Amino acid sequence: MQLVVGRIGRAHGIKGEVSVEVRTDEPELRLAPGAVLATDPASAGPLTIATGRVHSGRLMLRFEGVSDRNGAEALRNTLLIAEVDPAQMPEDPEEFYDHQLIDLDVVTVDGREVGRIAEISHLPYQDLLVVRRPDGGEVLIPFVEEIVPEIDLEEQRAVIDPPPGLLDEAEADVAAASDAPGTPHDADGS
C-alpha cells in the first residue's frame with residue numbers, strides 16, 4: 001500500500017536541497033537517507049534520499065541525482081510516497097494511517113449516524129475528517145480527541161462528540177442565542 005509521507009516545498013540553497021512538508025508521524029523511518037520514494041507525478045521519481053536535516057524547524061532533504069537549485073525547484077509540489085505493508089500499524093496506538101480511517105462509519109456518542117469518512121485533509125495545524133453524509137453532503141470534522149474520542153477499527157467506526165453547530169447550523173444558532181447576555185433561563189439555570 002502506498003502512503004503520502006511528504007510534499008516537496010521550495011529549493012533551499014544552491015546544492016539541490018529542498019524543504020519538505022512532512023505528512024507522516026514517522027519521518028525518521030519514512031524520510032531517512034537511503035529511502036526510495038515513489039512520487040506524484042510519477043515522472044518526477046522515484047527519488048532516493050541522499051541527506052536529511054532539520055533547519056529552522058523544517059525538514060530539508062537532498063535527493064540523489066539532484067545537485068543544483070534548478071533541479072530542486074523542478075521538484076516543487078511533488079508528493080513523496082512510501083510503500084507500506086497494509087497490516088502495519090503506527091507505533092502509537094492513538095495514531096492511524098489514512099487508509100485505516102477511510103470508509104469508517106461515523107456516529108455520534110449518542111448513536112446518531114453521521115456518515116462515512118471519505119478522505120483525510122491534512123492542514124498545517126490539524127487534520128480534518130471529510131465525512132460524506134447519507135444525503136450526499138459533506139461535513140468537515142476536526143480530528144482532535146475532544147471531538148473524535150474513539151476510533152474502533154474492529155467495529156469500523158469513528159465516534160464523535162460534536163460541539164453545537166458542527167453538524168447542524170441551526171444547533172449553533174440556538175446555542176449562541178441561549179448563551180447571549182440577558183437571555184432568560186429557567187430556575188435550574190437551563
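P41 lies in the loop between β3 (36-40) and β4, and this loop is a useful place to enter the structure, which is a predicted model. The peptide bond that leads from D40 into P41 is cis, with omega near 15 degrees. A second proline, P46, also sits in the loop between β3 and β4, and here again a cis peptide bond is found, joining G45 and P46 with an omega of about 0 degrees. Most peptide bonds are trans, and most residues other than glycine have a negative phi.

From this loop one can step back to the protein as a whole, which contains four helices and 12 strands. Six of the strands close into a barrel, and following them around it gives the order β1-β2-β5-β4-β3-β6, with antiparallel pairing. Within this sheet, neighbouring strands are turned against each other by 50 degrees on average, when direction is ignored. Of the 190 residues that make up the protein, 33% count as buried. The exposed surface comes to about 11400 Å², and carbon and sulfur atoms supply 49% of that area. If one considers the contacts in the protein with a separation of 6 or more, residues 24 or more positions apart account for 47% of them.

One pairing within the barrel can be followed in detail, namely that of strand β4 (residues 47-55) with strand β5 (residues 58-63), which run antiparallel and are joined by six bridges. Along this pairing, T51 stands opposite R62 in β5. The loop between β4 and β5 holds S56, a residue that has a positive phi of about 55 degrees although it is not a glycine. S56 is also exposed, with a relative accessible area of 69%.

A different part of the barrel comes into view with R7, whose place is in strand β1. R7 forms a salt bridge with E21, and the closest N and O atoms of the pair are 2.9 Å apart. Because R7 lies in strand β1 (residues 2-12) and E21 in strand β2 (residues 17-22), the pair ties together parts that are 14 residues apart in sequence. Neither partner reaches the 20% limit below which a residue would be called buried: R7 is partly exposed, with a relative accessible area of 23%, and E21 is likewise partly exposed, at 27%. The surroundings of R7 extend beyond this partner, for, leaving aside its neighbours within four places in sequence, R7 is in contact with S19, V20, E21, R23, N77, T78 and L79. Among these residues, V20 is 13 residues from R7 in sequence, while the two are 5.6 Å apart in space, C-alpha to C-alpha. With N77, R7 makes a polar contact of 2.4 Å between the side chains.

The salt bridge of R7 belongs to a wider set, since a search of the whole structure finds seven salt bridges. Side chains of opposite charge can pair when their charged atoms come close. One further example is the salt bridge between E73 and R76, in which the closest N and O atoms are 3.1 Å apart. E73 is partly exposed, with a relative accessible area of 30%, and R76 is partly exposed as well, at 39%. Another is formed by R157 with E150, where the closest N and O atoms are 3.8 Å apart, a distance that still falls within the 4 Å allowed for a salt bridge. Here too the partners are partly exposed, R157 at 30% relative accessibility and E150 at 31%.

Further along the chain, D103 occupies the loop between α3 (98-101) and β7 (105-108). Like S56, which has a positive phi of about 55 degrees, D103 has a positive phi, in this case of about 75 degrees, although it is not a glycine. D103 is partly exposed, with a relative accessible area of 46%, whereas S56 is exposed.

The last stop is the hairpin of β9 and β10. Strand β9 (residues 127-132) pairs with strand β10 (residues 138-142) in the antiparallel sense over five bridges, and V130 stands opposite L140 in β10. Five residues lie between the strands of this hairpin, in which G136 takes a positive phi near 95 degrees.

Conventions: Residues numbered from 1 in each chain as written. Predicted model: local features only at pLDDT ≥ 70, side-chain atom pairs only at ≥ 80, totals over all residues. Heavy atoms only, no water. Pairing = 2+ DSSP bridges. Helix = DSSP H or I, 4+ residues; strand = E, 2+ residues; numbered from the N terminus. Axes fitted to C-alpha atoms, helices over the stretch in contact; angles between N-to-C directions. Buried < 20%, exposed > 50% of the residue type's maximum accessible area, 1.4 Å probe, protein only. Contact = heavy atoms within 4.5 Å. Areas by Shrake-Rupley, 256 points an atom, 1.4 Å probe, with all protein chains shown as cover. Salt bridge = Lys/Arg side-chain N within 4 Å of Asp/Glu carboxyl O. Polar contact = N/O pair within 3.5 Å; in protein donor to acceptor, adjacent residues only side chain to side chain.
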